[in-house]
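Here is a short briefing to read beside the structure. Keep the 3D view open and find each residue as you go.

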Number of protein chains: 4
Amino acid sequence: MSASLSRPRVGVWLIGARGSVATTVVTGCAAVTAGLHPPTGMVTETPAFTGSGLPALSDLVFGGHDTLDCPLPKRAEALTAGGVLPPGVATAVAAELAAADREIRPGGPTPGDTRSEAELITAFAGDIRDFVHRHELERAVVVNVASTEPASQGPHAPLPASTLYALAALRAGCAYVNFTPSEGMHHPVAAAEAGRSGLPHAGRDGKTGQTLLRAVLGPMFAQRALTVRAWSGTNLLGGGDGAALADPAAAAAKNAGKERVLADTLGTVPEGEVHIDDVPALGDWKTAWDHIAFDGFLGTRMILQTIWQGCDSALAAPLVLDLARLTARAHETGLSGPLGALGFYFKDPVGEGPSGLGEQYEALVRFARSLGEDKEGRR
Amino acid sequence: MSASLSRPRVGVWLIGARGSVATTVVTGCAAVTAGLHPPTGMVTETPAFTGSGLPALSDLVFGGHDTLDCPLPKRAEALTAGGVLPPGVATAVAAELAAADREIRPGGPTPGDTRSEAELITAFAGDIRDFVHRHELERAVVVNVASTEPASQGPHAPLPASTLYALAALRAGCAYVNFTPSEGMHHPVAAAEAGRSGLPHAGRDGKTGQTLLRAVLGPMFAQRALTVRAWSGTNLLGGGDGAALADPAAAAAKNAGKERVLADTLGTVPEGEVHIDDVPALGDWKTAWDHIAFDGFLGTRMILQTIWQGCDSALAAPLVLDLARLTARAHETGLSGPLGALGFYFKDPVGEGPSGLGEQYEALVRFARSLGEDKEGRR
Amino acid sequence: MSASLSRPRVGVWLIGARGSVATTVVTGCAAVTAGLHPPTGMVTETPAFTGSGLPALSDLVFGGHDTLDCPLPKRAEALTAGGVLPPGVATAVAAELAAADREIRPGGPTPGDTRSEAELITAFAGDIRDFVHRHELERAVVVNVASTEPASQGPHAPLPASTLYALAALRAGCAYVNFTPSEGMHHPVAAAEAGRSGLPHAGRDGKTGQTLLRAVLGPMFAQRALTVRAWSGTNLLGGGDGAALADPAAAAAKNAGKERVLADTLGTVPEGEVHIDDVPALGDWKTAWDHIAFDGFLGTRMILQTIWQGCDSALAAPLVLDLARLTARAHETGLSGPLGALGFYFKDPVGEGPSGLGEQYEALVRFARSLGEDKEGRR
Amino acid sequence: MSASLSRPRVGVWLIGARGSVATTVVTGCAAVTAGLHPPTGMVTETPAFTGSGLPALSDLVFGGHDTLDCPLPKRAEALTAGGVLPPGVATAVAAELAAADREIRPGGPTPGDTRSEAELITAFAGDIRDFVHRHELERAVVVNVASTEPASQGPHAPLPASTLYALAALRAGCAYVNFTPSEGMHHPVAAAEAGRSGLPHAGRDGKTGQTLLRAVLGPMFAQRALTVRAWSGTNLLGGGDGAALADPAAAAAKNAGKERVLADTLGTVPEGEVHIDDVPALGDWKTAWDHIAFDGFLGTRMILQTIWQGCDSALAAPLVLDLARLTARAHETGLSGPLGALGFYFKDPVGEGPSGLGEQYEALVRFARSLGEDKEGRR
């Protein structure tokens, strides 16, 4: 990345930095910066965001934690073979991948790890501070894109890893984004600490496919006064996420977010279940089928079905870049606490805000405008 | 309908009064008034519309024109056999169906009709005025729910029947709603006359299925900065509408409206065609399949498919009741010209207004509120 | 039923005689006999079966066991309201429904039943014998169409009810058909007894929707040398069956049959799960979605999806009539043991036979021909 | 291809030799021969064909006619970018692609071509003979995989190019396969000549997607005595075939074949249309949606929908290799005339034979066995 030295640069610290999403984030940021691809899927590159004072893509510096070892260039190669990354891109941005790879530190706790929770937090925060310091970054945003954890086991269970990382982010003075359904900053311990920190945070669980659709279809049924009787869904996905979500506890965390969208937009929870199946043959590709039974005038029974076939990493990555930029800028303008205006991006948003996608988009655009207004000098 | 004599009653004059939509409108209005069914699908029965001063369902009186002879109770029986109306309803509201049937006058021009256009308009306007007069109605709204006509043949062709009826509505001093893609008030002759009349009108082409979906999915792709490459669709439908739209000229009229929604919400017209097939075996049921090929981050190709299985008459009827009430109230409050705020209901709305369903809904709610504000005394 | 006295009549004794399938069987047999409807869905009414010596529909006499009380005419009324039976049919065959209703005896064991297994078998066999005797039937076939039971609990558990009925059938000298995935004659105790009895039996688990499709699509992939990587499916159904199969143990019984079809036709078990969701809003209607990921030439990844929307009772009933006729005739011609040639009808067929539907059909037609050959005198 | 010199080699002369199908044929044959990929999709590589005496893949030599200039290696590169060929394969078999490329001769008639039909046939036949001679081939099979031509214009129109090539094949003493819906050997002039030639031929129009499904689903409905009311379909495809079939005349040729499958398997032609849309955004990928409305017992209305997403070239190529091998072997064993036993591969098969896929497969396997029996010496 050819950032000019005079412009302040911003760090993006990825939890799960060797995963498919993170690899796509780093590859894509470099590819778009280099003009190899248009910024398709990046909302912050549309005209409504030009005056918001967001950091440029070329000013982002990547690092992160991961418990795995596979180097980023190798991961990018595998994603190319799987059709997630277009041929040639990984090679074209090999330098940027290698640079990010050098900034990945071992995560934890790994099996047999004897460090206490406090020691882990200290170690993680140290890694982040060191990254910011060495690169002379203006600030950094910590973004959780790791595999979904099982739902928490109650108040006396050990802190989930996602919460350790969230606490490390606060300790290092960084804004925080949780793109997964894991607990992260939602754990009471972290939530209390976040309140004291004066730092902004956003989450949780990126809205990339089935729930994105539900966030526009739910309002449609409500606005047309059609009664949804049952909303059923099945998700087929391979990749790491498929395996993680085959664990019923992890799936439960994810499904709670999906259900919330329907409850909030329909005003009622319809019949129907959501299944998440691990289908390794699909690789990083995801198919989501939804079947919606609804009543029309005089009780006439009708049905809508949707089939969404997408690549999860390619759907998530531009949103992660959006969120890193928006949250970094929010931090810069002095905002703190839950950023409810970013509900557009999440299944289960923090803070207050509407549930329908249209209204969430309007709230996002208003937020972007307000970010620009705080920084008159630079405009 | 047991309207109290002291309350002013409002006429709903249906062009195509013996069709499936009209029959469902009359049956449903009576059934909901009698408490036999909840008002599912009627937006004007939701809380946002309570203070708008709309005429009560029990105050609506039905009549209309049609070129066919089959009595409404018989039509309702056939719709019951076809699963459009629930068992028992047609019998329960037999009196209301018979009452409406008595108010249906012969339409035209029929084959071999020797009357001039001026004579037809005069005759139609006379029928409407007579209806208003005999029932001592405060006002009436003329709603076109007849089969779709072929697209117009140019400025020197005879006026299409839908335009003759639109002109008759103006002549009779009535507000006008075009629920079909036919030309109606869009014909230059009628448009000019409407401008002089001081009467409000709305249209055209009710948004009941595939286009309803497009009006929420189009904005979703745009808001997420996803590039739609191709949007293809096939509609299968039986009933009269299937046969009418098997005529390529009629289908062209309808497809123009569908395309407009995509162009307006996506900002570009993607590849892809729309087919409308007449499949008599489906009766009044319609299946619409949409296939949307879009690009995500770094050009990754993804696909969304939707399958909508609905009953056209049951989808249209509550919207027709909504429109009759809203337009009657608009007339009462002194509004004139194209009612752009009703774009929520139409594929190809008159006047100015947004194209995404969410924004259209907000515009509609604002409009409903403004209707209430004009009538403080009654609130 | 106006069977001539001189022709021998055949009993059809339904376990679950007040269920949706049984009600549709009795209603439909009477309606087809009376010429009110063509015998759509009845394979035995096609030309290939004319010389097989099957009992005429008008010669079938219905009775059965059930633990519920609701009279058949009332059940038929409910099925009419739910769209399973066409309007008017239940009324037209009210006499036949009432006649069958009089032949339904209390099933068991009911909660709190103090009778031993031996006593229950004796009681059930007595009911069947009495039915055959009073109606002077030539023979009777016992058909299990009751709700699916949980999978068996091991060799020391009490005999499942379906097995008690199967043993009662043998005791009463009747052929037996198991249209459900319940254990019935598959229980070792019953299987041993069946071997000694000299009676024919068939089963199990009628192939009515998703598995019917799999039985033609599986062979297609195999014959074309295409490699199926993953076959996933979700079934949504209301009605009693939906509730019964929401029990994971009952679903497991059903899914074993579905999986067998794939294993047998593909020669391998692909990845993928099958879900059965109880969706009461769907009533007797069932939607089955299948997603098949397969590899073509050079490993190119392709996908087939199928969506089957059917009415379970209407799919099952004509097959039950087919099976009763074929099994009665097999009994008459002296066949005994598992009737492998009826695999066309079942997910998990008894005896030997092919797994692809096409070959199963050929085997069925050969079987039908052989039934005719045994009875030269009557031809 | 490292064919041993002692074994007789067989030529495969492709009409449309630079098209996607031909490129995939040449690439895939080399890749499978080299052990880079398993022979997925090649029916002739399954055990049922081991004793048939078919030429080995390594004994096939490729050449052909085309009116385009783009070299095969370049075409293979484009197909790799489009996801049709897996990464790396085109490079791995570059030598074989180059070898085939050297054997491609200019086709015709090109615009402005002044040669007479007789001259064109003579030129084409000369090219083929020269190819056979130079490579010392035992024989060659001519296979038409060119873009679909418009349906023929009547007896006095010029011979379509596909027929010129078919006549050239006969002149050169070669067996002929028509994998497209174009007229080829079906033209009366060619049919008469084929009858005199003593050469075998097969066709027409490969059954690769929607029609493949129809050939298994049609028999399913028939065997289950379910009444198909309407069978509607839409095909979306890019690539050259999409553009060619956007021509209504070309589509008409294709649809006739599709309709024949339904008529033959159902015994009746149901309602419903078939659309073929050119959607360039889909590249070589094809989506076929089918909607089948059928009646069950007592007229209950049910629906099956199928969505087939495949890569046309990858579906066609292994079948082309199958057909070349089978037809070459048929020629070797002295068979002549239409090879009806190859109906398994075609929408609109020549000669006599069943229409359901299962029976067609059985006929094919019997045919393969008979090919082996003729050649005892070599077995």
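The points below cover how chains meet, how helices pack, and a few unusual spots in the backbone.

This is a predicted model. Chain D meets chain C through 59 residues from each chain. Chain D also meets chain B, with 24 residues in contact on each side. Both pairs are related by a rotation of 180°: chain D superposes on chain C this way, and chain D superposes on chain B this way too.

**Chain D with chain C**

- Chain D and chain C bury about 4600 Å² between them. Carbon and sulfur atoms hold 68% of that area.
- On the chain D side, the most area is lost to chain C by D:Arg224, D:Phe297 and D:Leu298. Together these residues make up 21% of what that side buries.
- Turn chain D by 180°, with 0.0 Å of shift along the axis, and it superposes on chain C with an RMSD of 0.0 Å. That is the relation of a two-fold axis.
- Which residue of chain D comes closest to this rotation axis? It is D:Thr306, whose C-alpha is at 2.2 Å.
- Both copies use the same surface here, as 100% of the contact residues of chain D recur in chain C.

**Chain D with chain B**

- About 2000 Å² is buried between chain D and chain B. Carbon and sulfur atoms give 57% of it.
- In chain D, the residues that lose the most area to chain B are D:Glu271, D:Ala281 and D:Trp289. Together they account for 25% of what the chain D side buries.
- A rotation of 180° with 0.0 Å of shift along its axis brings chain D onto chain B, and the RMSD is 0.0 Å.
- For this axis, D:Thr234 comes closest among the residues of chain D, with its C-alpha at 3.6 Å.
- Why do the copies meet through the same surface? Because 100% of the interface residues of chain D are also interface residues in chain B.

**Helix pair H8 and H10 in chain D**

- Helix H8 (residues 210-223) packs on helix H10 (residues 248-266) at an angle of about 15°. The two axes are 8 Å apart.
- That angle makes H8(D) roughly parallel to H10(D), because angles under 35 degrees count as roughly parallel.
- The crossing of H8(D) past H10(D) is right-handed.
- On H8(D), the contact residues include D:Arg214, D:Ala215, D:Gly218 and D:Phe221. On H10(D), they include D:Lys258, D:Val261 and D:Leu262.
- By class, this contact has seven nonpolar, four polar and two charged residues.

**Helix pair H6 and H7 in chain D**

- Helix H6 (residues 161-171) and helix H7 (residues 188-197) pack at about 15°, with axes 10 Å apart. H6(D) and H7(D) are therefore roughly parallel to each other.
- Is the crossing left-handed or right-handed? H6(D) passes H7(D) in a left-handed crossing.
- From H6(D), D:Thr163, D:Leu167 and D:Leu170 meet residues of H7(D). Their partners are D:Val189, D:Ala190, D:Glu193, D:Ala194 and D:Ser197.
- Five residues in this contact are nonpolar, two are polar and one is charged.

**Helix pair H1 and H4 in chain B**

- Helix H1 (residues 20-33) and helix H4 (residues 94-102) pack at an angle of about 135°, and their axes are 9 Å apart. That makes H1(B) oblique to H4(B).
- H1(B) passes H4(B) in a right-handed crossing.
- B:Thr23, B:Val26, B:Thr27 and B:Ala30 of H1(B) meet B:Glu96, B:Leu97 and B:Ala100 of H4(B).
- The contact has four nonpolar, two polar and one charged residues.

**Backbone spots to find**

- In chain A, a cis peptide bond joins A:Gly203 and A:Arg204, with omega about -20°. A:Arg204 lies in the loop between strand E6 (200-203) and helix H8 (210-223).
- In chain C, the bond from C:Gly203 to C:Arg204 is cis, with omega near -15°. C:Arg204 sits in the loop between strand E6 (200-203) and helix H8 (210-223) of chain C.
- A:Glu136 is not a glycine, yet its phi is positive, about 50°. Look for A:Glu136 in the loop between helix H5 (117-134) and strand E4 (139-144) of chain A.

Notes. Residues numbered from 1 in each chain as written. Chains lettered and ligands numbered in written order. Predicted model: local features only at pLDDT ≥ 70, side-chain atom pairs only at ≥ 80, totals over all residues. Heavy atoms only, no water. Axes fitted to C-alpha atoms, helices over the stretch in contact; angles between N-to-C directions. Helix = DSSP H or I, 4+ residues; strand = E, 2+ residues; numbered from the N terminus. Parallel < 35°, antiparallel > 145°, perpendicular 65-115°, else oblique. Left-handed = near helix turned anticlockwise from the far one by under 90°. Contact = heavy atoms within 4.5 Å. Nonpolar A, V, L, I, M, F, W, Y, C, P; charged D, E, K, R; others polar. Least-squares fit on C-alpha atoms with pLDDT ≥ 70 in both. Buried area = accessible area lost by both parts, 1.4 Å probe.
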